[in-house]
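Student: I am new to this structure. Could we go through it and see how each label is earned?

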Amino acid sequence: MIKIQNIYYMLCYAFEVLKKESYEKLKDEKFENTADLFAAILALGVAEQVKKGIIKDYEIRNEETSFLRGKIDVSSSIKQQTMLRSKMVCVYDEFTENTYLNQILKTTMNLLIRNPDVETKQKQSLKKLIPYFNRIDEIDPYKIQWSRLTYHRNNATYEMLLNICYLIINGLLMTEEKGTKKFAKYLDDQRMSRLFEKFVLNYYRKHYPELDPSSTIIKWHTDNGDTEFLPQMKTDITLTSKNKILIIDTKYYSKTMQINRLYNTKTIHSHNMYQIFTYVKNVDKTNSGNVSALLLYAKTDESIDLNKDYIIGGNRISVKTLDLNTDFSDIEKQLNEIVEEFKL
């Protein structure tokens, strides 16, 4: 279980825009569930966007018409036999506010308005914003093509809003009963894993810039130089001091340990250890021992606390849990202690 307020703080680090003054009041509010928290964030974000103006963009339209507009889609015109109706299919660009980004925003707001887990206060805030989207279509949330979304200078302010929409729709929308959208109390492992990783990386970027926190590509160190067909190695977080490197791999699971049911024993996920060991050995090409690694598991519902250190092949590989169900000041303390402990 994670404190709802901590999800807000994690989002603040993941999406820097949430640290703006307009969102400041949210850190003192009490939220019963993530749906309510996300509704509050979205209401504030969309309200701010409305003040600036809902962004318009060029959208490709495909339409059967009697008048030439743009280019004739000859193939579609033939297939649909539009000439029999004295019409043709035209493809053209339209400068409109009825864009895919705005459609996702409107769809997400309406999902939250209809959701029983969202408090009346948040629903009222969202309802006040819906009239600004009157000329914007609502779409099927299950069919949103997230890979279609692109951001540029003109719509950069939408990136955080659409990321929140993504978490709401893909992380919280679970079932549909009698026409009512039901939300899970917490984000699923996949979405929380991404959020956890981004939070830890940006925390270190904010508080320890001198360690150059980054997600880096590791090159394979092969004896013959042949790396064809080898998979890419990319760290979640790499911290670098003058003569030391710490590779951090963040992990978020409902169950931190894997269980061998035959022997009734618990162990660290084997593929996690194999992966982090491979990272370390390919970075520490000279076997200096100055490269260390940390498997950082988010502690959620389980009572287990991991704090283990192993020296394998001359390199320190540690496994720890980060308790997310405590005051955020304690989470900060845990993250700071990692830097101190590894003497970076």
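**Labels and their reasons**

Tutor: Three strands make an open, antiparallel sheet, ordered β1-β3-β2. This is a predicted model: local features need pLDDT of at least 70, side-chain atom pairs pLDDT 80 or more, while totals for chains, interfaces and linings use all residues. Residues are numbered from 1 along each chain as its sequence is written, and side-chain values use heavy atoms, without hydrogens and water.

Student: What makes β1 and β2 edge strands?

Tutor: β1 (57-65) and β2 (71-72) each have a single partner strand, so one side of each lacks a neighbour in the sheet.

Student: How do you know that β2 pairs with β3?

Tutor: Pairing takes at least two DSSP bridges between two strands. Two bridges join β2 to β3 (residues 88-96), so they pair. K71 has V91 as its bridge partner in β3.

Student: Why is T235 called buried?

Tutor: Buried means under 20% relative accessible area (1.4 Å probe, protein chains only). T235 has 2%, so T235 is buried. T235 lies in the loop between β7 (233-234) and β8 (237-240).

Student: What makes the link between the side chains of T235 and T238 a polar contact?

Tutor: A polar contact is a pair of N or O atoms within 3.5 Å; within protein, one must be able to donate a hydrogen and the other to accept it. The T235 and T238 side chains are joined at 2.8 Å, so the label fits.

Student: Which residues of α8 are buried?

Tutor: They are N272, M273, I276, Y279, V280 and N282. T235 touches Y279 (contact: heavy atoms within 4.5 Å).

Definitions and conventions: Buried means under 20% relative accessible area, exposed over 50%, partly exposed in between (1.4 Å probe, protein chains only). Helices (H or I, at least four residues) and strands (E, at least two) are DSSP runs, numbered from the N terminus. Lists of a residue's contacts leave out its neighbours within four places in sequence.
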